Amino acid sequence: MPIAILSALPEEQDGLVHLLQDVQQSEHAGRVFWRGSLHGQQVICALSGIGKVAAATTAVALLERFNAQAIVFTGVAGGLGDGVNVGDVVVATDYVQHDMDASPLFPRYEIPGYGRQRFACDPTLTDKLAQAVRYCVEHQAAAWTATLNLPAPRMHEGLTVSGDRFVSGAQESAQLRQGLEQAGLHPLAVEMEGAAIAQVCADYGVPFAAMRSISDRADDAAHVDFPKFVQSIASRYAQVVIEDLCKRIAA
Ligand code: ADE
């Protein structure tokens, strides 16, 4: 059974489909799905679209229609944690929806009906993904970040948060972080899809792992940093890390 490789934007997955062998394209629910094999591992590549609902729809399609046995997300995020800089990579250990607020009926950030705020990524798949990311960061990615005059990247592992908002102001990002920290949540990165996919995967009992390269600091420069990074570096991480991950899964 195949593993699914998801990104939100075409720029985040550019070139990955060309690495597949025996590619078949199909359409479902307004999305294009590319099936093929990579180093002997069956994969399906697709774009989730932007935001939690689009991502949840794509995840369900992958599980129900294409029998995905696991979902791996590769894309970009805004850095929130101290020292999580543009060019670095965050491998998610767990996810929270930062815009979930059913208080005072339920505690802030808790998903009603689930009795919890956090959805954990699969430890085994995440470990393999982290090994692939670490190798890439240590051996290849410094050459890419240098093209944007950024220092050699570092890898981080920890909580990532998602919500239907592009966070693009220093004050907004500080408030977001403060609210989460008051609830004992210490996010490294913010994006717009992962927590929805983590919840769908938990519902179906399917492993989920995610890596996000940091395109911006979710601050006043985010709207400039984001497109620059997405256009030049995001897909390189996807190609190199996913190829390595497939080798590790097939080994
Ligand atoms: N993805 C990349 N950067 C982001 C940001 N600043 N806010 C939300 N999602 C993002």
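This briefing describes the surroundings of the ligand and then several residues, helices and loops of the chain. The structure is a predicted model, and every value below was computed from it. Around the ligand there are 13 residues, of which Gly78, Phe166, Val167, Glu191 and Asp216 come nearest. Elsewhere, the chain offers a mostly covered helix, an aromatic pair that links distant parts of the chain, and a cis peptide bond between Ser103 and Pro104.

**The ligand and its shell**

- Two of the polar approaches to the ligand involve the protein backbone: a polar backbone atom of Gly78 is 3.2 Å from a nitrogen atom of the ligand, and a backbone N or O atom of Val167 lies 2.8 Å from a nitrogen atom of the ligand.
- The side chain of Asp216 also takes part, since one of its N or O atoms is 2.7 Å from a nitrogen atom of the ligand.
- The ligand taken alone exposes 260 Å², and the protein buries 97% of that area.
- Sorted by class, the residues of the shell are 8 nonpolar, 2 polar and 3 charged.
- Strand 5 (70–79), strand 9 (189–191) and strand 10 (208–216) each supply at least two residues of this shell, and strand 5 gives the most, with 3 residues.

**A buried and an exposed residue**

- Gln41, which is found in strand 4 (residues 41–47), counts as buried because its relative accessibility is 9%, and the limit for a buried residue is under 20%.
- Leaving aside neighbours within four places in sequence, Gln41 is in contact with Met1, Pro2, Ile3, Gly36, Gln69, Cys246 and Ile249.
- Val53, by contrast, is found in helix 2 (residues 52–64) and counts as exposed because its relative accessibility is 63%, where exposed means over 50%.
- Val53 and Ala209 are 156 residues apart in sequence, while their C-alpha atoms are 18 Å apart in space.

**Helix 6 and the residue that follows**

- Helix 6 (residues 194–204) is mostly covered, with 8 of its 11 residues buried.
- These buried residues are Gly194, Ala195, Ala196, Ile197, Ala198, Gln199, Val200 and Cys201.
- After helix 6 comes Gly205, which has a positive phi, near 65 degrees.

**Aromatic pairing**

- A search of the whole structure finds 5 aromatic pairs.
- In the pair formed by Trp144 and Tyr237, the ring centres are 5.1 Å apart and the planes stand at 90 degrees, so the pair is edge-to-face.
- This pair links distant parts of the chain, for Trp144 is in helix 4 (residues 141–146) and Tyr237 is in helix 8 (residues 234–250), 93 residues apart.
- Trp144 and Tyr237 are both buried.

**Backbone features to look for**

- The peptide bond that joins Ser103 and Pro104 is cis, with omega at about 5 degrees, and Pro104 has its place in the loop between strand 6 (89–97) and strand 7 (119–120).
- Asp22 has a positive phi of about 55 degrees although it is not a glycine; this residue is found in strand 2 (residues 21–28), and Asp22 counts as exposed because its relative accessibility is 69%.
- Ala218 is likewise a residue other than glycine with a positive phi, near 55 degrees, and it lies in the loop between strand 10 and helix 7 (222–232).
- Ala218 is buried, because its relative accessible area is 0%.

Terms used. Residues numbered from 1 in each chain as written. Predicted model: local features only at pLDDT ≥ 70, side-chain atom pairs only at ≥ 80, totals over all residues. Heavy atoms only, no water. Near = heavy atom within 4 Å. Polar contact = N/O pair within 3.5 Å; in protein donor to acceptor, adjacent residues only side chain to side chain. Areas by Shrake-Rupley, 256 points an atom, 1.4 Å probe, with all protein chains shown as cover. Helix = DSSP H or I, 4+ residues; strand = E, 2+ residues; numbered from the N terminus. Nonpolar A, V, L, I, M, F, W, Y, C, P; charged D, E, K, R; others polar. Buried < 20%, exposed > 50% of the residue type's maximum accessible area, 1.4 Å probe, protein only. Contact = heavy atoms within 4.5 Å. Phe/Tyr/Trp six-rings, centres within 6.5 Å; stacked < 30°, edge-to-face > 60°.
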